[in-house]
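Student: I have this model open and would like a close look at a single part of it. Could you walk me through one strand, its partners and the charged side chains around it?

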Amino acid sequence: MSCGWRLRAVSARVAALALLFAVSSHEAVAQPLARVSLTPSGAQWEGRLEGIAARTSALQGGIAVNVPAGRYVRLGALGAAGAAWRSGDQRASARVEGVARFLLDPFRESRFGLYGVGGVSVMYDGFEHTRPNVVIGAGVEGTPRNGRAIAAELALGGGVRVAVVVRRARRTGR
(Lines give C-alpha, C1' and ligand atoms only; values in the text may rest on other atoms or scores of the structure.)
Protein backbone atom coordinates (compact mmCIF):
# COMPACT_ATOMS: atom_id res chain seq x y z
CA MET A 1 0.00 0.00 0.00
CA SER A 2 1.50 3.35 -0.98
CA CYS A 3 2.04 6.16 1.51
CA GLY A 4 0.07 8.57 -0.73
CA TRP A 5 -3.03 6.38 -0.56
CA ARG A 6 -2.79 6.20 3.24
CA LEU A 7 -2.45 9.97 3.57
CA ARG A 8 -5.51 10.48 1.36
CA ALA A 9 -7.48 8.03 3.52
CA VAL A 10 -6.44 9.83 6.70
CA SER A 11 -7.26 13.20 5.13
CA ALA A 12 -10.74 11.94 4.26
CA ARG A 13 -11.30 10.77 7.86
CA VAL A 14 -10.08 14.06 9.31
CA ALA A 15 -12.36 15.95 6.89
CA ALA A 16 -15.31 13.81 8.01
CA LEU A 17 -14.55 14.61 11.67
CA ALA A 18 -14.28 18.33 10.83
CA LEU A 19 -17.64 18.19 9.03
CA LEU A 20 -19.21 16.44 12.03
CA PHE A 21 -17.76 19.15 14.29
CA ALA A 22 -19.08 21.95 12.05
CA VAL A 23 -22.59 20.47 11.95
CA SER A 24 -22.73 19.95 15.73
CA SER A 25 -21.45 23.50 16.35
CA HIS A 26 -24.11 24.94 14.00
CA GLU A 27 -26.87 23.13 15.91
CA ALA A 28 -25.58 24.49 19.24
CA VAL A 29 -25.68 28.08 17.90
CA ALA A 30 -29.19 27.60 16.54
CA GLN A 31 -30.64 26.76 20.00
CA PRO A 32 -32.89 29.44 21.54
CA LEU A 33 -31.19 31.60 24.18
CA ALA A 34 -33.98 31.00 26.73
CA ARG A 35 -33.26 27.27 26.68
CA VAL A 36 -30.84 26.09 29.36
CA SER A 37 -28.25 23.69 27.98
CA LEU A 38 -26.83 20.85 30.05
CA THR A 39 -23.95 20.54 27.59
CA PRO A 40 -20.72 22.19 28.75
CA SER A 41 -19.45 24.84 26.38
CA GLY A 42 -16.06 26.18 25.45
CA ALA A 43 -12.70 24.66 24.73
CA GLN A 44 -11.06 22.34 27.24
CA TRP A 45 -7.24 22.31 27.13
CA GLU A 46 -5.12 19.41 28.30
CA GLY A 47 -1.51 18.36 28.67
CA ARG A 48 -0.49 14.75 28.05
CA LEU A 49 2.43 12.43 28.75
CA GLU A 50 2.20 9.27 26.68
CA GLY A 51 4.21 6.08 26.34
CA ILE A 52 3.80 3.95 23.20
CA ALA A 53 5.03 0.34 23.20
CA ALA A 54 5.51 -1.05 19.69
CA ARG A 55 8.23 -2.20 17.30
CA THR A 56 9.33 1.44 17.54
CA SER A 57 8.54 2.59 21.10
CA ALA A 58 8.12 6.26 21.98
CA LEU A 59 7.68 8.66 24.88
CA GLN A 60 5.83 11.86 23.93
CA GLY A 61 4.47 14.97 25.58
CA GLY A 62 1.61 16.83 23.99
CA ILE A 63 -1.06 19.48 24.12
CA ALA A 64 -4.67 18.90 23.12
CA VAL A 65 -7.90 20.83 22.95
CA ASN A 66 -11.41 19.42 22.84
CA VAL A 67 -14.89 20.86 22.49
CA PRO A 68 -18.34 19.43 23.28
CA ALA A 69 -20.21 17.86 20.39
CA GLY A 70 -23.27 17.04 22.48
CA ARG A 71 -23.84 15.88 26.04
CA TYR A 72 -21.84 12.67 25.72
CA VAL A 73 -19.21 13.41 23.05
CA ARG A 74 -16.10 15.60 23.00
CA LEU A 75 -14.13 16.15 19.78
CA GLY A 76 -10.45 16.91 20.11
CA ALA A 77 -7.20 17.62 18.31
CA LEU A 78 -3.75 16.71 19.66
CA GLY A 79 -0.16 17.53 18.82
CA ALA A 80 2.68 15.64 20.53
CA ALA A 81 6.45 15.24 20.21
CA GLY A 82 9.17 13.28 21.93
CA ALA A 83 11.67 10.51 21.39
CA ALA A 84 11.39 7.09 19.71
CA TRP A 85 13.61 4.02 20.21
CA ARG A 86 14.30 0.98 18.08
CA SER A 87 17.16 -1.50 18.56
CA GLY A 88 19.01 0.88 20.87
CA ASP A 89 18.86 3.80 18.40
CA GLN A 90 16.98 6.99 19.35
CA ARG A 91 15.29 9.51 17.04
CA ALA A 92 12.73 12.31 17.26
CA SER A 93 9.05 11.44 17.01
CA ALA A 94 5.87 13.46 16.55
CA ARG A 95 2.20 12.92 15.88
CA VAL A 96 -1.11 14.68 15.34
CA GLU A 97 -4.47 13.20 16.20
CA GLY A 98 -8.17 13.81 15.78
CA VAL A 99 -10.21 11.96 18.40
CA ALA A 100 -13.66 11.70 19.90
CA ARG A 101 -14.32 10.86 23.55
CA PHE A 102 -17.61 9.20 24.48
CA LEU A 103 -18.36 9.95 28.15
CA LEU A 104 -20.28 7.42 30.22
CA ASP A 105 -20.72 9.98 33.05
CA PRO A 106 -20.91 13.43 31.40
CA PHE A 107 -22.61 15.08 34.39
CA ARG A 108 -19.96 14.06 36.96
CA GLU A 109 -22.43 12.04 39.03
CA SER A 110 -19.78 9.57 40.23
CA ARG A 111 -16.26 10.08 41.54
CA PHE A 112 -14.60 8.51 38.49
CA GLY A 113 -15.80 9.01 34.93
CA LEU A 114 -15.19 6.27 32.37
CA TYR A 115 -14.96 7.14 28.68
CA GLY A 116 -14.12 5.59 25.33
CA VAL A 117 -11.70 7.11 22.80
CA GLY A 118 -11.66 6.69 19.03
CA GLY A 119 -10.07 8.55 16.16
CA VAL A 120 -7.20 8.77 13.71
CA SER A 121 -3.53 9.56 14.19
CA VAL A 122 -0.60 10.37 11.91
CA MET A 123 2.78 9.48 13.41
CA TYR A 124 6.36 10.21 12.43
CA ASP A 125 9.25 8.55 14.28
CA GLY A 126 12.36 8.92 12.11
CA PHE A 127 12.63 5.16 11.52
CA GLU A 128 9.72 4.69 9.11
CA HIS A 129 7.73 6.90 6.77
CA THR A 130 4.90 8.93 8.23
CA ARG A 131 2.04 6.55 8.83
CA PRO A 132 -1.65 6.83 9.77
CA ASN A 133 -3.19 4.80 12.58
CA VAL A 134 -6.68 4.17 13.87
CA VAL A 135 -6.88 4.86 17.61
CA ILE A 136 -9.28 3.09 19.98
CA GLY A 137 -9.15 2.95 23.75
CA ALA A 138 -10.63 3.75 27.13
CA GLY A 139 -9.92 6.17 29.91
CA VAL A 140 -10.93 7.16 33.42
CA GLU A 141 -11.08 10.71 34.78
CA GLY A 142 -10.92 11.51 38.48
CA THR A 143 -12.66 14.14 40.57
CA PRO A 144 -11.49 17.67 39.74
CA ARG A 145 -9.16 19.41 42.20
CA ASN A 146 -7.99 23.02 41.97
CA GLY A 147 -9.69 23.43 38.60
CA ARG A 148 -7.88 20.44 37.06
CA ALA A 149 -8.95 16.87 36.34
CA ILE A 150 -6.44 14.02 36.00
CA ALA A 151 -7.17 11.10 33.70
CA ALA A 152 -5.46 7.89 32.63
CA GLU A 153 -5.92 6.26 29.22
CA LEU A 154 -5.09 2.90 27.67
CA ALA A 155 -5.39 2.72 23.89
CA LEU A 156 -4.28 0.92 20.72
CA GLY A 157 -3.03 2.84 17.68
CA GLY A 158 0.48 2.38 16.35
CA GLY A 159 1.16 0.24 19.43
CA VAL A 160 -0.13 -0.01 22.98
CA ARG A 161 -0.48 3.46 24.49
CA VAL A 162 -0.60 4.51 28.12
CA ALA A 163 -1.27 8.18 28.86
CA VAL A 164 -1.55 10.47 31.86
CA VAL A 165 -3.72 13.49 31.06
CA VAL A 166 -4.21 16.73 33.01
CA ARG A 167 -7.12 18.78 31.70
CA ARG A 168 -8.93 21.92 32.75
CA ALA A 169 -12.04 20.88 34.67
CA ARG A 170 -15.36 21.98 33.26
CA ARG A 171 -17.78 23.83 35.57
CA THR A 172 -20.71 21.73 34.43
CA GLY A 173 -19.91 18.08 33.90
CA ARG A 174 -16.83 16.43 32.43
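Tutor: Happy to; what follows is a tour of strand β4, its pairing and its salt bridges. Please keep in mind that this is a predicted model.

Strand β4 covers residues 89-103. Let us begin with the backbone. β4 pairs in the antiparallel sense with strand β3, which spans residues 73-86, and 14 bridges hold that pairing. To find your way along it, take V73, whose bridge partner in β4 is F102. β3 and β4 form a hairpin, with two residues between them. In that turn, have a look at S87, which has a positive phi of about 50°. β4 also runs antiparallel to strand β5 (residues 113-124), with 10 bridges joining the two. Here a handy landmark is R95, which stands opposite M123 in β5.

Now for the charged side chains. The structure holds 17 salt bridges, and one of them is between R91 and D89, where the closest N and O atoms are 3.2 Å apart. Are these two residues buried or exposed? R91 has 36% relative accessibility, so R91 counts as partly exposed. D89 reaches 32%, and therefore counts as partly exposed too.

Further along the strand, E97 meets R161 in a salt bridge with an N to O distance of 2.3 Å. This pair links distant parts of the chain: E97 sits in β4, while R161 belongs to strand β8 (residues 160-168), 64 residues apart. Both E97 and R161 are buried.

If you follow β8 from there, you come to R167, which forms a salt bridge with E153; the closest N and O atoms of that pair are 3.8 Å apart. E153 lies in strand β7 (residues 148-156) and R167 in β8, 14 residues apart, and this pair too links distant parts of the chain. What is the relative accessible area of E153? The value is 9%, which is under the 20% limit, so E153 is buried. R167 comes out at 0% relative accessibility and hence counts as buried.

These charged residues are tied together as well. Salt bridges that share partners join E46, R48, E50, R95, E97, D105, E141, E153, R161, R167 and R174 into one network. That brings us back to β4: R95, the residue opposite M123 in β5, is among the members of the network, and so is E97. If you select the network residues in your viewer, E97 and R161 make a good starting point, as the pair that links β4 to β8.

Note on methods. Residues are numbered from 1 along each chain as its sequence is written. This is a predicted model: local features need pLDDT of at least 70, side-chain atom pairs count only at pLDDT 80 or more; totals for chains, interfaces and linings use all residues. Side-chain values use heavy atoms; hydrogens and water are left out. A salt bridge is a side-chain nitrogen of Lys or Arg within 4 Å of a carboxyl oxygen of Asp or Glu. Buried means under 20% relative accessible area, exposed over 50%, partly exposed in between (1.4 Å probe, protein chains only). Helices (H or I, at least four residues) and strands (E, at least two) are DSSP runs, numbered from the N terminus. Two strands pair if DSSP finds at least two bridges between them.
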